[in-house]
Each structure stands twice: as structure tokens, then as C-alpha cells.
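Please examine the sequence and the three-dimensional structure shown below before reading on. The report that follows describes confidence, strands and cores in turn.

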Amino acid sequence: MAAFKRRKVDSECRAFNEEWEEKYFFVETKNQKATCVTCTESVAVLKEYNLRRHYETKHLSTYLKFSEKFRSEKFESMKRVFEYQKNLFTRKFVENESVTRTNYKIVHRMAERGKPFTDGNFIKECMMDAANELCPEKANFFESISLSETSAVRRAEELGENIALQIRQKARNFLWYSLELDESTDLSSTSQLLVFIGGINLDFQITEELASVCSMHGRTTGEDIFMEVHKTLQDYNL
């Protein structure tokens, strides 16, 4: 019973009180935390004792001499600065995330159409021409999109790894699966073995994907094909 009462009291104290703003120079932030507008340190547990302890330990000597009116004005000014910095950080994070997502989408389009990754620089030049003419104020966003050959190759590899991971996760739930093989020769006379997988889970959801592309150099025998298929099955834990 004592433990239950203690937990109940703790939970009741975890609501931010607006009086604590000017009193301790704290504002409420997300995830039920309070942040000091002076040093931007956060207090995880919303208890007045924790805020008061932080304030008296680090900032009491600074604000003790302020009059009530000046103290209020000072807090409002610092709160506006804090909100501006927080919004600026959030906006920058969203912009960076959009640039990264755009990188992946363009590389995905290039891979779908079989375009060489060296075309990335040409695409970037076209994008910059369009941006400078249509929306010059946004040109810096387009400039931050990296489409060099090295970046495009790295993005394509990451996309491929992500697709393989998704297939591997789906393969865990297969009740039955089948394989299809297709062998062809590329321009360098290297034999390419394509392994397609089709499977169905308990909910009758069907998956049909290209599981692997195996380059086989030199003479290709039935044993070579078997070993590549066996390796693919091991990769997907089948």
C-alpha cells in the first residue's frame, strides 16, 4: 500500500505548473520534460524540487537581484529566444531529412531506369538550372543534394541492403516458398544468375521478389548454379 501511494504521489507531481516558468526560468518541452531557458538543461522528472534545486544551484545568484517586473521581462525575452532556437533546430532537421530522402528517390529512379551513376552530376546540373530560374530562394536546398558517382553508388548499395533486409524479414513468415532461376550473359561475357523467390505466409500475403544476382566467372556447371542457390537460401535463412 505504501509503495502504491508513493507511485501515485509521484505521478501527480509530474504535471508542469505554469508558476514554475518565471519562478525557476523553466519551460515545458515534449516528452513531459522541463528545460531551463538559461542553460537549456532538461529535468526529466517534473517535480518542483528538481526545478528549484537546479535554479538555486546554478542561477539563483544571477536572478536574485532582479525586480519582479524586470524578472518577468527577462524570462519572456529568454523564452522567445529559446523557442526560436528550438524551431530553427527542428526546421533544420526536417530540411536535412528531406534532402536525404530526395537523394534516395533520385538514385532509386536512376537504378529503375538502368542509368549509369555518372549521370548524377548531369541531373544535378539540370536541377540547379531549374532551381535558379524558378525558385532561387530555395537553390541552397538543391545544392545540398549530393549526386556524385560515389554518393549515388553508396545510396544504391544502401537501398539494396534495405530491400534484402525486408525480404529476409518476410521470409521468416513463409509457410511455403518457391524459386525461379534465370541465367544470362552480360556485355563482358560474364554469366549472371538471377534467383527469384516467391512465398506465402499464414495470412495468404504473397511475396515475389528478386532475391539475388550472382556473377559466375569462367565455366558454369550445374554444381556452380547449385552452390549459388544454396548460398542465397542461407542468406535468407530458408
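Which residue stands opposite Glu28 in β2? Glu28 stands opposite Ala34 in β2. The protein is a predicted model, in which local features need pLDDT of at least 70 and side-chain atom pairs count only at pLDDT 80 or more, while totals for chains, interfaces and linings use all residues. Residues are numbered from 1 along each chain as its sequence is written, and side-chain values use heavy atoms, with hydrogens and water left out.

**Confidence**

The quantity pLDDT is the predictor's confidence in each residue, on a scale from 0 to 100. The protein has an average pLDDT of 81, and 88% of the residues score at least 70. Confidence is lowest in helix α1 (residues 2–12), with a mean of 47, and highest in β5, with 91. Over residues 4–12 the pLDDT stays under 50, and the model has 1 contact beyond four places in sequence for this stretch; a contact means heavy atoms within 4.5 Å. Where pLDDT is low, the predicted coordinates should not be read in detail.

**Strands and their pairing**

Helices (H or I, at least four residues) and strands (E, at least two) are DSSP runs, numbered from the N terminus. Two strands pair if DSSP finds at least two bridges between them. The table lists three pairs with their bridges and one facing pair of residues for each.

| Strand pair | Direction | Bridges | Facing residues |
|---|---|---|---|
| β1 and β2 | antiparallel | 4 bridges | Glu28 and Ala34 |
| β2 and β3 | antiparallel | 2 bridges | Thr35 and Ser42 |
| β5 and β6 | antiparallel | 10 bridges | Ser191 and Met216 |

β2 and β3 form a hairpin with 5 residues between them, and Thr40 in the turn has a positive phi of about 60°.

An open sheet of 3 strands has the order β4-β5-β6, with antiparallel pairing. β4 (176–185) and β6 (206–216) stand at the edges with a single partner strand each, so one side of each is left without a neighbour in the sheet. From one strand to the next, the twist averages 20°. Helix α9 (residues 222–235) packs on this sheet and touches β4, β5 and β6. The direction of α9 makes about 130° with that of β6; axes are lines fitted to C-alpha atoms, for helices over the stretch in contact, and angles run from 0 to 180 degrees between N-to-C directions.

Ile200 lies in strand β5 (residues 191–200). Ile200 and Trp176 are 24 residues apart in sequence, and their C-alpha atoms are 5.9 Å apart in space. Beyond its neighbours within four places in sequence, Ile200 is in contact with residues including Trp176, Gln205 and Ile206.

**Nonpolar cores**

A nonpolar core is a set of buried Ala, Val, Leu, Ile, Met, Phe, Trp, Tyr and Cys residues joined through side-chain atoms within 4.5 Å. Buried means under 20% relative accessible area, exposed over 50%, and partly exposed in between (1.4 Å probe, protein chains only). The largest nonpolar core has 17 residues, and Phe16, Tyr24, Phe25, Phe26, Ala34, Val37 and Leu51 touch the most other members. At least two residues of this core come from each of α2 (19–24), β1 (26–29), β2 (33–36), α3 (48–58) and α5 (68–112). α5 gives the most, with 3 residues. Apart from this core lies another, of 7 residues, among them Ala164, Ile167, Ala211 and Tyr236.
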